[in-house]
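Here is a short tour of the model you have open. We will start with the ligand surroundings, move on to the domains, and finish with the annotated positions.

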Amino acid sequence: MAVRVIEVEEFDLVVFGASGDLAHRKLLPALYHRDADGQLPANARIICSARRDYTDDDYRNYAKAALKEHVKDLDDEHLSLFLDRLRYVKIDVASGEGFDDLKTILDERTDVVRAFYLAVGPDLFGTICENLGKAGAVNDHSRVVIEKPIGKDGASAKALNETVGSVFKEEQIFRIDHYLGKETVQNLMALRFANALFEPLWNAAHIDHVQITVAESLGVGGRAGYYDTAGALRDMIQNHLLQLLCLVAMEPPESMNADSVRDEKLKVLKALAPIDEHNVDKMTVRGQYRAGASAGGAVPGYLDELGNDESRTETFVALKAEIANWRWAGVPFYLRTGKRLAQRVSEIVVQFQPIPHSIFDAEAGAITANRLIIRLQPDEGVQMQIMIKDPGPGGMRLRQVPLDMSFADAFKVRNPDAYERLIMDVIRGNQTLFMRRDEVDAAWAWIDPIQSAWASSKNLPKGYTSGTWGPSASIALVERDGRTWTEDDGK
Ligand SMILES: NC(=O)C1=CN([C@@H]2O[C@H](COP(=O)(O)OP(=O)(O)OC[C@H]3O[C@@H](n4cnc5c(N)ncnc54)[C@H](OP(=O)(O)O)[C@@H]3O)[C@@H](O)[C@H]2O)C=CC1
Ligand SMILES: O=C1O[C@H](COP(=O)(O)O)[C@@H](O)[C@H](O)[C@H]1O
């Protein structure tokens, strides 16, 4: 099946932090793929910057190595066309040195989209914006992309948003949450709003509970320094998992227009029932991985990797969120994320209510309630679990089977990485899949009391062995409600 490509207008994309991990693993490969698929206009330029003393050619060699490592089907002809688009400018954003050189390059053309991607540590976001403003590099065609984390709490997010907002207008600011660019996440909206089937059932009368799991098998690796200041609640729940929760729980927006979608997500965030020092122990579980084993052999614990025995930073969180509105009253949303878990898997499970009455006798066997599983990664797809009769003349015996739709089988095309879609949306000026400032504020308003309740609690994160599903208290969190995490119920 051919991939549909929507051409974007001419642009200059400036990548700050172009020698970092994100640029290496995600941004350069995403831009290469968009170019190879014919989406980039002939004169699109990608201006890369960092502190190191590179020439254009040095950076092209660096980018070539990154692409060789991270792109499977690299094509030599496309590669050399792509590398020709790259320029390099040395900038120390902290001292401000180099912004004039950048401005000189940008001023070669002033009528094209001018996007600044801030792939640097969050402490530099404000400084870069201020320096861009001072250098006169921001014009009406400009956009800025801010990576997460946006602050470490509500107050710091507000301060950052104010600094960025003093240089860029809200419609020029793209707060990226790469989960929103994942194909299956966008498919969640298609599933809900392009099918008549689900909407009548999408409420507390028919749904028992929802589980959202983002499990990683890797540890913190080279990002331990950043991670220890964040932890799983700030790193994953505040943004990715809450955004997924919003997409599951929001009312149908009036259209796919950015503000219509974001207005509905905001209402969900505001309706989240508070978790604070009064209920934090009942509603949340935090853990920290200990030494264990993975497929590759023995792995160290978090504290060993960090080189600090004192850290209380959580590498795992499970929590029970409640949405206080008519649609979702009494329907728990169990959220769970962690590092060094048993498996890398991200999925949303919508567990429907059991049937109200069975007409079958005991011989037919147990009737399992329907379940919709939206698998984000790996093996993207959607599965509906339903009951059918076992084939054959053996009487009425019931069995649960999956109605399965695997994207890899259904569409024989490469599944684009989230960053491909999101970077192109920035150039197109489409903010639908980006967070608005009030969403970020509302998410922090819910997260901050959890964080401070943990900080003042005597309880430490519970240790869990690497390669497991987290502390046993996470199992207890759902079992107390008579439920189980999907991988534990053998269905
Ligand atoms: N890596 C990931 O998977 C993800 C990262 N993010 C976010 O993306 C951002 C970048 O992360 P990541 O790539 O991992 O970080 P890295 O530490 O790997 O890279 C940081 C980059 O910033 C540059 N840099 C540092 N200080 C300066 C300075 N004073 N002036 C100019 N450039 C500077 C470094 O270049 P040099 O030292 O050569 O100057 C390097 O290119 C962060 O905000 C992170 O939270 C978000 C989601 C996932
Ligand atoms: O934003 C982040 O996401 C990654 C997980 O992203 P995925 O697309 O690989 O699922 C996580 O590892 C990282 O800690 C976090 O900052």
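Let's begin with ligand 2, whose surrounding residues are Lys-148, Glu-216, Asp-235 and Ser-346. By class, that shell holds no nonpolar, one polar and three charged residues. Around ligand 1 there are 20 residues, and those that come nearest are Gly-17, Gly-20, Asp-21, Leu-22 and Arg-51. The shell of ligand 1 is made up of 10 nonpolar, four polar and six charged residues.

Please keep in mind that this is a predicted model. The chain has a mean pLDDT of 94, with 98% of its residues at 70 or more. For the complex, the predictor reports an ipTM of 0.98 and a pTM of 0.94.

On the larger scale, the domain assignment splits the chain into domain 1 (11-147) and domain 2 (180-416 + 436-488). Taken over C-alpha atoms, the centres of domain 1 and domain 2 are 34 Å apart. An unreviewed UniProt entry lists residues 14-187 as "domain: Glucose-6-phosphate dehydrogenase NAD-binding". Over residues 14-187 the chain is 44% helix and 17% strand, and 30 Å separate the end C-alpha atoms.

Now for the annotated positions. The unreviewed UniProt entry gives "active site" for His-240, and it places "binding site" at Arg-51, Asp-92, Val-93 and Lys-148. Two of these names have come up already: Arg-51 is among the residues that come nearest to ligand 1, and Lys-148 is one of the residues around ligand 2.

The table sets out the surroundings of three annotated residues.

| Residue | Location | Other C-beta atoms within 10 Å |
|---|---|---|
| His-240 | helix α9 (residues 232-249) | 23 atoms |
| Asp-92 | loop between β3 (86-90) and α4 (99-106) | 13 atoms |
| Val-93 | loop between β3 and α4 | 24 atoms |

Is His-240 buried or exposed? His-240 is buried, because 23 other C-beta atoms lie within 10 Å and 20 or more is the cut-off for that label. Leaving out residues up to four places away in sequence, His-240 touches Asp-177, Tyr-179 and Val-214.

Val-93 is likewise buried, with its 24 other C-beta atoms within 10 Å. Not counting residues up to four places away in sequence, Val-93 touches Phe-16, Val-120, Leu-124, Thr-127, Ile-128 and Asn-131. Asp-92, by contrast, is partly exposed, because it has 13 other C-beta atoms within 10 Å. Apart from its neighbours within four places in sequence, Asp-92 is in contact with Arg-51, Glu-97 and Gly-98; Arg-51 also carries the "binding site" annotation.

Key
Residues numbered from 1 in each chain as written. Chains lettered and ligands numbered in written order. Predicted model: local features only at pLDDT ≥ 70, side-chain atom pairs only at ≥ 80, totals over all residues. Near = placed C-beta within 6 Å. Nonpolar A, V, L, I, M, F, W, Y, C, P; charged D, E, K, R; others polar. Domains from an automatic or database assignment. pLDDT = per-residue confidence, 0-100. UniProt positions renumbered as here; feature names shortened; annotations may be inferred. Helix = DSSP H or I, 4+ residues; strand = E, 2+ residues; numbered from the N terminus. Buried ≥ 20, exposed ≤ 12 C-beta atoms within 10 Å, placed from the backbone. Contact = placed C-beta atoms within 7 Å.
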